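Let's work through a few exercises on helix packing and enclosed space. Have your viewer open, and try each task before reading its solution.

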Amino acid sequence: MAEYFSFQAALCFSIAHILVRRGLVHSTALTGSIISLGTSATIFWLLVAFFVPLSELWSPAIGFFIAAGVFAPAIGQTLGYIGMERIGVARSSPIVNTSPIFSSIFAVLFLGEVWLLQNIAGTLLVIVGVILLSLSRPAQIPWRKSDIIYPVLGAAAFGVSTTLRKTGLLAVPIPLLAAAVTVGTAFFVLLGVVKVRGPSRVLKLNRRSGGWLFGAALFNTGAILSFFSALNVGKIVRVDPLVACNPLLTILWTSIFLRQIEKLSGRVIFGALVTVAGTVLVVTAK
């Protein structure tokens, strides 16, 4: 079941990435994050009210989900969206999905897992893939190489969040509740960010972007719940590499549906494949 939920999450994430990229043509990264998290939080908490005993909210382990929500989706997803906006979805998505590298490191440091030669080889592949992505030239989107830091930091935030989520699920094995607390926390964190920066400055919603962003939010909701369900029944080292393969699907959708926004070079495709291959190699080491 872990494999099924993981692949389901990968599919939903890849579709959400394409819809977000369409929406960001006439909107902003923070707008996309607010819509995505607000939609997901509303859906999850409505379901929690009907299907989860609210007494579970008093468990001390809920703190892990709150902390996870601060790191991702709040920080990680927003940085990922900024990456899509700055360097394009075909480059940003594979880099953000190197997050299993970070979660594996945290597993070694805090969960006592073993760091093998295969992990080292996979890490080198990931580095090579990121370099290839950073050196590629987009056909229509101008970008600065320094902007690659946004998806890299997003990957680190997701890695921390994944570790916290798994820790919480070991004590409270209710994926729906875990998703609701995590996403709800992230939503309120982002509301604070928007208030500080000024809604009129950072939020931009119109007819040309609204439909795409709300559609992405629905698919992202399915992806998040699938990911929590996979973590609940499987180990991080099994779940993360499968979910992290979604850039392969994203690149496929990009070549079909985003031709007018982004054009894929051979280097972008090869860099994405190397990045994903390295990630899979790292987190599948036994």
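Angles over 145 degrees between helix axes count as roughly antiparallel, those under 35 as roughly parallel, 65 to 115 as roughly perpendicular, and the rest as oblique. Keep in mind that this is a predicted model.

**Exercise 1. Classify the packing of helix 1 with helix 10.**

Step 1: Two packed helices are described by the angle between their axes and the distance between the axes. Here the axes of helix 1 and helix 10 cross at roughly 160° and come within 7 Å.

Step 2: Compare the angle with the cut-off: helix 1 and helix 10 are therefore roughly antiparallel to each other.

Step 3: For the handedness, the crossing of helix 1 with helix 10 is left-handed. Sorted by class, the residues of this contact are 18 nonpolar, nine polar and one charged.

**Exercise 2. Do the same for helix 3 and helix 7.**

Step 1: The axes of helix 3 and helix 7 cross at roughly 155°, coming within 7 Å.

Step 2: An angle over 145 degrees counts as roughly antiparallel, so helix 3 and helix 7 are roughly antiparallel to each other.

Step 3: Helix 3 passes helix 7 in a left-handed crossing. The contact of helix 3 with helix 7 divides into 19 nonpolar, seven polar and two charged residues.

**Exercise 3. Now take helix 5 with helix 7, and list the residues that make the contact.**

Step 1: Helix 5 covers residues 99-110 and helix 7 covers residues 149-171; their axes are 7 Å apart at an angle of about 45°.

Step 2: That angle falls in none of the named ranges, and helix 5 and helix 7 are therefore oblique to each other. Their crossing is right-handed.

Step 3: From helix 5, the contact uses Ser-99, Phe-102, Ser-103 and Phe-106. Helix 7 brings Val-152, Ala-155, Ala-156, Phe-158, Gly-159, Val-160, Thr-162 and Thr-163.

Step 4: The classes in this contact are seven nonpolar, five polar and no charged residues.

**Exercise 4. How many cavities of 30 Å³ or more are there, and what lines the largest one?**

Step 1: The count comes to two cavities of 30 Å³ or more. The largest holds about 390 Å³ of space.

Step 2: It is lined by 25 residues, and the closest to its centre are Phe-13, His-17, Val-96, Asn-97 and Phe-158. Phe-158 is also one of the helix 7 residues in the contact with helix 5.

Step 3: Helices that each supply at least two residues of the lining include helix 1 (2-24), helix 4 (89-96), helix 10 (207-233) and helix 11 (236-243). Helix 3 gives the most, with five residues.

Step 4: The lining of the largest cavity has 13 nonpolar, 10 polar and two charged residues.

**Exercise 5. Which peptide bond is cis, with omega near 20°?**

Step 1: The bond runs from Ala-72 to Pro-73.

Step 2: Place Pro-73 in the fold: Pro-73 lies in helix 3, the helix that gives the most to the lining of the largest cavity.

How values were computed
Residues numbered from 1 in each chain as written. Predicted model: local features only at pLDDT ≥ 70, side-chain atom pairs only at ≥ 80, totals over all residues. Heavy atoms only, no water. Axes fitted to C-alpha atoms, helices over the stretch in contact; angles between N-to-C directions. Helix = DSSP H or I, 4+ residues; strand = E, 2+ residues; numbered from the N terminus. Left-handed = near helix turned anticlockwise from the far one by under 90°. Contact = heavy atoms within 4.5 Å. Nonpolar A, V, L, I, M, F, W, Y, C, P; charged D, E, K, R; others polar. 1 Å grid on protein atoms, 1.4 Å probe; cavity = no way out; pocket = protein on both sides within 12 Å on 5 of 7 lines; lining within 4 Å. Points joined across faces, edges and corners; volume = space filled by probe spheres on them.
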